[in-house]
Number of protein chains: 2
Amino acid sequence: MGDVTEVGDVTGPGPRSGPGSPLGLHRVLEPAGVLPQAAWKLDPRPSLWPDEVRVAVERLNLDAASFRQLREATGGAAADMRAAVCPIVAERGKMQNPVTGSGGMLTGVVEEAGPCSPLGLAAGDRIATLVSLSLTPLVITDGLAGWDGRSEQVPGRGHAILFGRSIATVLPPDLPGPLALAVLDVAGAPALTSRVVSRAAAGPGPSAPGTPDGPGAPDRPGAPGGPVVAIIGAGGKSGSLSAAAAREAGAGRVIGVVPAEAEGAALRAAGLVDEVVVADARDPVALAAAVRGAGGPAAVTVVCVDVPGCEGGAVLSTADGGTVVFFSMATSFTAAALGAEGVAADVTMLIGNGYVPGHAQLALDLVRREPGVRGLFEARISEETRGNRPGLEEK
Amino acid sequence: MGDVTEVGDVTGPGPRSGPGSPLGLHRVLEPAGVLPQAAWKLDPRPSLWPDEVRVAVERLNLDAASFRQLREATGGAAADMRAAVCPIVAERGKMQNPVTGSGGMLTGVVEEAGPCSPLGLAAGDRIATLVSLSLTPLVITDGLAGWDGRSEQVPGRGHAILFGRSIATVLPPDLPGPLALAVLDVAGAPALTSRVVSRAAAGPGPSAPGTPDGPGAPDRPGAPGGPVVAIIGAGGKSGSLSAAAAREAGAGRVIGVVPAEAEGAALRAAGLVDEVVVADARDPVALAAAVRGAGGPAAVTVVCVDVPGCEGGAVLSTADGGTVVFFSMATSFTAAALGAEGVAADVTMLIGNGYVPGHAQLALDLVRREPGVRGLFEARISEETRGNRPGLEEK
């Protein structure tokens, strides 16, 4: 720390000397030696290591589990929400909800790209980060004064840092910013769903019966013989994208589970699934019965709700030899592992990895191609903007 | 609850009228409607529903993460350990550590099998349960007076209940009881490892270079071209079994990671792995460097340590397109999901399901076939009996 450009230089940007770590290890303040995601506290100072990028923040997108926790803990009033989030960022140097452990992502404009940054970004690019806020050094300078506390999308001013191995994408010019941000936030879900359903469609395993007919038959039935896919929380953002991805990947039948009839009607109108069922995902017996009644059990079950306690129902809704993909940040590792064992269920359980190569493009293309997905997203964003969230986020 | 055999009948066993649930839902006291694993409190009364089995407890086997938490919280003295465990069982009607959420399993003798039980057990059978204690109705009647607090294996008296869909196995006559119990406790790990490594060996993906030679070459090198497998915590119970399973399933190279040189020497002597490396699994950079230095990154990484904070290192030790299997009950779902995203790692992450068909037989056979595995288990059991645990459980 004898370097003049480092010591005490916490305001002015400027190149650092010395090697940084593409993982951002040099930004970890405590505890020492862990990755930025696992750290309690990061160094968010604006001056850059040679392979870093600094972004002027425009908007944070808190992840659904974190937003729900904050709203329930504070009551949701704007001042209380700001008073919850700002100290977290100030203390930790990143926006990582200490209760959920999760973050979200952000959009902004590149202010400066270090000379050795491999990300291919230049000053002036409007981008979205595709790594979690839980590992992104962040400073907020405006107290989030423009946030009404009602939306996961949080207007704000400040800066964020991207590492050499971070990922980011230039925002598409053809989609409104809030829509693109909402889509990119959950882009890992449809990408991994697509991969898992493709594999299930290619291999042996439980599959759907032939094309259903008669009353209630879907307009666009799935591939005959393709796997049955259940999307728990199909009316939400990650859920609707995953439903569309499952169908494109060869699902024989897509079952969408929602918690309330109003959401069911919207999902039905969107035409993304073959069958809509209303069930409480936290009630394992009711959920499994609903999925079975709709053509299950599923070969692939995708959990996209943001409340705890859905592990058992997801396992019971899945056929032996099937796969459960947990995207919800409210998932308990122990509950899933022991819950499956407890019912002697031979299911493969995946931790939803937010990174799959090509995920941003896949998600944006789904929204461009599928008016049903776009409609659900726009309705959500509009509801959030109005502070009217009758169906809650994804459950 | 108007049935005479039910109301207030908390001591004498006797058949219940009315249908039970094979999942044990009828034993859930609170909260209503959840599965027994997710319940706060179960009804452990000894009288049986028609498809249940009652077992006279002989020995509990606390899972490693729970035992470690209890020891660290209490200091580990016998009276303090008993004073921690007994109230949990009395209050919850099951042994589920409220901090870790995990349980363990037990051995005992069948007292009574309900007339509709599908488990094929009869009074007098000496069995081990293969479902977690976290969902097994349990009463302890001796205050665990025979437990010295030093071992995960806890002698005790009382009874436990198995449901229609529970799984249990008759203890093998050819293996000592404590050995069989220890093996069966972690039987899911080698079974799932075997499945994942077999698939990796059959499909495309990162694989080991040809058979190594020169100084330090293993006696039994892996299959040339087979996948590189890293076992984090290879000196422990689940780790040593998983290492043996990986080799049998076609691993090209098995790298065993242990936290200390003493454990490394024991693992080397056991001959289960091709390379032993000493590293702190909580230090992601050190762990990844160690695995790479030993022939990695791994196509399959198996996490068998019982301390938190190993997610990042496991991900960094794994090649793109590879798989991480998390068996540790100390795994954080969020840390794994966001950690992988945070370093843009395209790895598949599995929640270790404790149930895989045939897992008990596979694990017992590995111990019978592999003197190295048996030796490590016997040393662990002996250390625990002496209260001497220099290397800790699995880390």
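Over all chains, the structure, a predicted model, holds 36 salt bridges. One of them joins A:R369 to A:E248, with the closest N and O atoms 2.8 Å apart. This pair links distant parts of the chain, since A:R369 sits in helix α10 (residues 359-369) of chain A and A:E248 in helix α5 (residues 237-248) of chain A, 121 residues apart. Neither partner is fully hidden: A:R369 has a relative accessible area of 47% and is therefore partly exposed, and A:E248, at 43% relative accessibility, also counts as partly exposed.

Two further salt bridges can be followed in chain B. In one, the side chains of B:R27 and B:E52 meet at 2.6 Å, N to O. B:R27 belongs to the segment before β1 (28-30) of chain B and B:E52 to the loop between β2 (41-42) and β3 (53-62) of chain B, so this bridge ties together parts that are 25 residues apart in sequence. Both B:R27 and B:E52 are buried. In the other, the side chains of B:E58 and B:R126 come to 2.5 Å, N to O. Here strand β3 of chain B supplies B:E58 and strand β5 (residues 126-129) of chain B supplies B:R126, so the parts tied together are 68 residues apart in sequence. B:E58 is partly exposed, with a relative accessible area of 25%, and B:R126 is partly exposed at 41% relative accessibility. Salt bridges can also share partners, and in this way A:R54, A:E111 and A:E112 are joined into one network. Such pairs fit a general pattern, in which side chains of opposite charge can pair when their charged atoms come close.

Salt bridges also cross between the chains. Across the interface of chain B and chain A, the rule finds 2 salt bridges. The side chains of A:D346 and B:R195 meet in a salt bridge at 3.1 Å, N to O. Polar contacts add to the picture, with 14 residue pairs counted between chain B and chain A, both residues at pLDDT 80 or more. On the side of chain B that touches chain A, α7 (284-293), α8 (311-316), α9 (333-342) and β15 (348-351) of chain B each supply at least two residues. The largest share of that side comes from α9(B), with 10 residues. By class, the side of chain B that touches chain A has 28 nonpolar, 18 polar and 5 charged residues.

The extent of the interface can be given in residues and in area. The contact takes 51 residues from chain B and 51 residues from chain A. Between them the two chains bury about 4,300 Å², and 65% of this area is on carbon and sulfur atoms. Within chain B, the residues that lose the most area to chain A are B:F333, B:E341 and B:I351, together accounting for 18% of what that side buries.

A:Q37 offers a close view of contacts on both sides of this boundary. This residue is found in the loop between β1 (28-30) and β2 (41-42) of chain A. Its relative accessible area is 8%, under the 20% limit, so A:Q37 is buried. Leaving aside residues up to four places away in sequence, A:Q37 touches A:K94, A:Q96, A:G101, A:S134 and A:L135 in chain A, as well as B:T334, B:A335, B:L338 and B:G339 in chain B. With A:S134 there is also a polar contact between the side chains, at 3.3 Å.

Chain A as a whole has 11 helices and 15 strands. Of its 395 residues, 62% are buried. Among contacts in chain A with a separation of 6 or more, 72% are between residues 24 or more positions apart.

Helix α10(A), already met through A:R369, shows how burial can be arranged along one element. In α10(A), the residues A:H359, A:A360, A:A363, A:L364, A:L366 and A:V367 are buried. These residues cover an arc of only 155 degrees around the axis, which means that they lie on the same side of α10(A). The spacing is in keeping with helix geometry: an α-helix has 3.6 residues a turn, so residues three or four places apart point the same way.

A:V99 provides a contrasting case of accessibility. The residue lies in the loop between α2 (78-92) and β4 (104-113) of chain A, and with a relative accessible area of 60% A:V99 is exposed. A:V99 and A:A65 are 34 residues apart in sequence, and their C-alpha atoms are 9.7 Å apart in space.

Methods: Residues numbered from 1 in each chain as written. Chains lettered and ligands numbered in written order. Predicted model: local features only at pLDDT ≥ 70, side-chain atom pairs only at ≥ 80, totals over all residues. Heavy atoms only, no water. Helix = DSSP H or I, 4+ residues; strand = E, 2+ residues; numbered from the N terminus. Buried < 20%, exposed > 50% of the residue type's maximum accessible area, 1.4 Å probe, protein only. Polar contact = N/O pair within 3.5 Å; in protein donor to acceptor, adjacent residues only side chain to side chain. Contact = heavy atoms within 4.5 Å. Buried area = accessible area lost by both parts, 1.4 Å probe. Salt bridge = Lys/Arg side-chain N within 4 Å of Asp/Glu carboxyl O. Nonpolar A, V, L, I, M, F, W, Y, C, P; charged D, E, K, R; others polar. Arc of directions from axis to C-beta.
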